[in-house]
Amino acid sequence: MGARYGLLHNTGGGLMVPSRHLVGLLLRGDTGAGNWGEDAMQWADIDGDGDLDAIAGGNSEPLSAQINQEGRFATAWTMNRSALNIVNTDVERDGDVDLIVAHTFCATETCGGPVQFSLLINDGYGGMSEDSAARGLHFGDSDYISGVVSGDIDRDGDFDIVLAHGGTRGIEIAFNVGTGNYILSGTGVIAIPGSGFGQGMNLGDIDDDGDLDLMIGRGDDTYRGGHPVVVDVIAINNGAGALSDDSVNRWYTSGETNRLGGENASLVDIDYDGDLDWVSFHKDNVRGQAHLQVFLNDGVGNFIYQPKLSPRYDGTFSSGLGSDVDVADIDGDGVYDIWVGISGANVRPMINTWEDPSGLRANIPRNLTATIIDNEPVLEWDPPPFASIVRGYRVFRATSPGVHQRDKLLIREVTISRFQDEGFVAPLTRHTRASEIGDPQVEILANGGIRFTDKTALAGETYFYSVAHVGTENSISAETEEVAAMVPPSTMKDTAPPVLDIVHPTKDHWTRYPRIVLLYADGGVGIDPASLHVSFDQPLGNNLRAPGENLADLGWRHDDGVFILPLEPPFDLPPVGNLVTLTVRVSDNDGRETIETLSFFPRHDPIEWPLAKFTFQTDRTEAPVTVDLDASESSDTDGAVMRYEWYFDDGTTALGRHTQKVFDKDGNWEIKLLVRDDHGAVAAYTDAITVGE
């Protein structure tokens, strides 16, 4: 994201579509943006609605926040603060994300722009106010903060800040005293990044002792007191928050004598052996060379250079700043890949080909079980078998089997902080204490597994649970296999109405073709599916359905626990300009009724319609049959296809330009593809496959 790349939308399998202008995300020079900064970019849910908003800043340019509204963006605020580093944290642990913002070009002198530091405190609704000095961080125009990361360094339950402080001060830790105020403490002269343009500061438990260590990628050619070849830094935490430089003892160069290290670096378990490895990238503008370096961890925090895994990119490219290395699951296979950006040259995605011997995706939680203990469903699962600087989980629940993760109810985020990312490190591990989570319904098991108790389950209702892993770059894994659990029915007479949840659309929905997804349950006498009434207060199509008329008969899936209806032509809402209200009513078998409403404001009219098209291949003709589905032939003439939705005859769904589906029974199975473009227009294509005779 930014002027160098824009915003690239991953449509599946690593195929990136430039989409910034398509979704209304503004950057410098756009109408409405003016001279906004974009040297630093960050994603954070600043308004607390569950999706990621965009924060951008630059050199003497306004810092801006743009709110995500179901994939389209609207400006929330701007302020006059410069930024080269923007890092998430939660200063007061009050459940909203605060921002640490720093700007300095050079680490020891004023060059190229202002020297500024900001601690922005969230008001709970996404508004930010600068409050650094009042909280003990008195930094002026000679305090060169060239790097920032946040995490619980001293393991006292709040989040501290590690600062790369220029001049002779080196690394400093701002210890949070528990009230959101800070006390600064020096660590001795540990070498810092030479420029705020690098992204080299990393926290992670590299030696598996339960505390966060510090590693620093550096662009300087020398580092006195450090390793004679590797200029990057390894600083070990003593368990109480004191960091000491141990670089000279922990780098192993495999015979390499030329300088190693880079100004951009990341901690990631690249070989999936359970410890954090080091990926460092250096761009030499003078020599016209760039070098991606991989160091593997030996399990106890020593790093061994891997020359065969460390490509050099020599050639002609821009001498400008802005190169980067990042870690993300680019192709969606559950394994972290490496994204190398070189200013003045093409990006280099490095796809990781590692495969888990179990055949499962590497990032899916393992061994999910559900049991009933004291009349409450208790879930247990094991972590994915790799190390991560970011680790949390999402627990989903549905009232019918086979419902896709996106259509289930998110009932819990099991995490120390849901705002953690590569700069704000708070992973769940086997070392995590209950006090660090602060959730009485969650317990950490000895192996790092999780036990979660669902206290909202209705007696007599069968629920279907799944769990997904949340990792680096806010990546959410595929869900586990479902497990079912039912609290025994109550012996008391049922007098309560059903429970009804409108999962989709949300209040931020903006198209004329929403997906309607409803979950409902009644643990007493059960749901009466025929009682479901779904309606809008506006007509659909050219009065094909009148305001208030029931749409339940249009449902693609409609049973006693779930209703799914993706609207498509000719059943569209009226042109934009009208507030739309969805009303849903459902009753139990004794006639007790629940009513829920939701209002949203469609803001975009379709211009040209996309084309939906897919092809498929099968591995055999007899059940079970695995079908590979490819929607690459779908297109959009006035923008881009942004979403590919698959609907199968057996009631299941899928997402993505490519997907697989297993049909384990003979029969003629219909497959429907629905695509959505950047203006909210939809198109559908249907084909069928015959399994068996």
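This report covers domains, strands, aromatic pairs and one loop residue in a predicted model.

## Basis of the values

The model is predicted: local features need pLDDT of at least 70, side-chain atom pairs count only at pLDDT 80 or more, and totals for chains, interfaces and linings use all residues. Residues are numbered from 1 along each chain as its sequence is written, and side-chain values use heavy atoms, with hydrogens and water left out.

## Domains

The domain assignment splits the protein chain into domain 1 (41–192), domain 2 (196–354), domain 3 (366–487), domain 4 (499–600) and domain 5 (610–691). Such bounds come from an automatic or database domain assignment.

Domain 1 and domain 2 have C-alpha centres 23 Å apart. Their contact (heavy atoms within 4.5 Å) takes 24 residues from domain 1 and 21 residues from domain 2.

## Strand β4 and its partners

Strands here are DSSP runs (E, at least two residues), numbered from the N terminus. Two strands pair if DSSP finds at least two bridges between them. Buried means under 20% relative accessible area, with a 1.4 Å probe and protein chains only.

Strand β4 spans residues 53–58, and 6 of its 6 residues are buried, so β4 is largely enclosed by the rest of the structure. Asp53, Ile55 and Gly57 lie on one side. Ala54, Ala56 and Gly58 lie on the other. Strand β3 (residues 40–44) pairs with β4 in the antiparallel sense over 5 bridges. Ala44 stands opposite Asp53 there. Strand β5 (residues 61–69) is joined to β4 by 4 bridges, again antiparallel. Ala56 has Ser64 as its bridge partner in β5. The β4 and β5 hairpin has 2 residues between the strands, and Ser60 in the turn has a positive phi of about 55°.

## Strand β25 and its partners

Strand β25 (residues 337–341) is mostly covered, with 5 of its 5 residues buried. Asp337, Trp339 and Gly341 take one side, Ile338 and Val340 the other.

Strand β24 (residues 324–328) pairs with β25 in the antiparallel sense over 5 bridges. Strand β26 (residues 348–350) runs antiparallel to β25 and is joined to it by 3 bridges. Trp339 appears in both pairings: it is the bridge partner of Asp326 and stands opposite Pro349 in β26. The hairpin of β25 and β26 has 6 residues between the strands. Gly344 in this hairpin takes a positive phi near 80°.

## An open four-stranded sheet

The order β15-β16-β17-β18 makes an open sheet of 4 strands with antiparallel pairing. β15 (201–204) and β18 (243–245) stand at the edges with a single partner strand each, so one side of each has no neighbour in the sheet. Neighbouring strands are turned by 25° against each other on average, direction ignored. The axes behind such angles are lines fitted to C-alpha atoms; angles run from 0 to 180 degrees between N-to-C directions.

At one edge, strand β17 (residues 233–237) pairs with β18 in the antiparallel sense over 3 bridges. Asn237 has Leu243 in β18 as its bridge partner.

## Aromatic pairs and charges over rings

The whole structure holds 18 aromatic pairs. Rings of Phe, Tyr and Trp (its six-membered ring) pair if their centres lie within 6.5 Å; planes under 30 degrees apart count as stacked, over 60 as edge-to-face and the rest as tilted. Tyr272 and Phe386 have ring centres 5.0 Å apart and planes at 55°, so this pair is tilted. The pair links distant parts of the chain, 114 residues apart. Tyr272 is in the loop between β20 (264–268) and β21 (277–284). Phe386 is in the loop between β28 (376–382) and β29 (392–398). Both residues are buried. Elsewhere, ring pairs link Trp251, Phe295, Phe303 and Tyr305 into a cluster.

A charge sits over a ring if NZ of Lys or CZ of Arg is within 6 Å of the ring centre and within 35 degrees of the ring normal. Arg72 has its charged end over the ring of Trp510, 4.8 Å from the centre. Arg397 lies over the face of Tyr463, 4.4 Å from the ring centre.

## Ala387

Ala387 is in the loop between β28 and β29. Ala387 is buried, with a relative accessible area of 16%. Leaving out residues up to four places away in sequence, Ala387 touches Asp269, Gly274, Asp275 and Leu276. The C-alpha atoms of Ala387 and Val149 are separated by 19 Å, with their positions 238 residues apart along the chain.

Methods: Buried means under 20% relative accessible area, exposed over 50%, partly exposed in between (1.4 Å probe, protein chains only).
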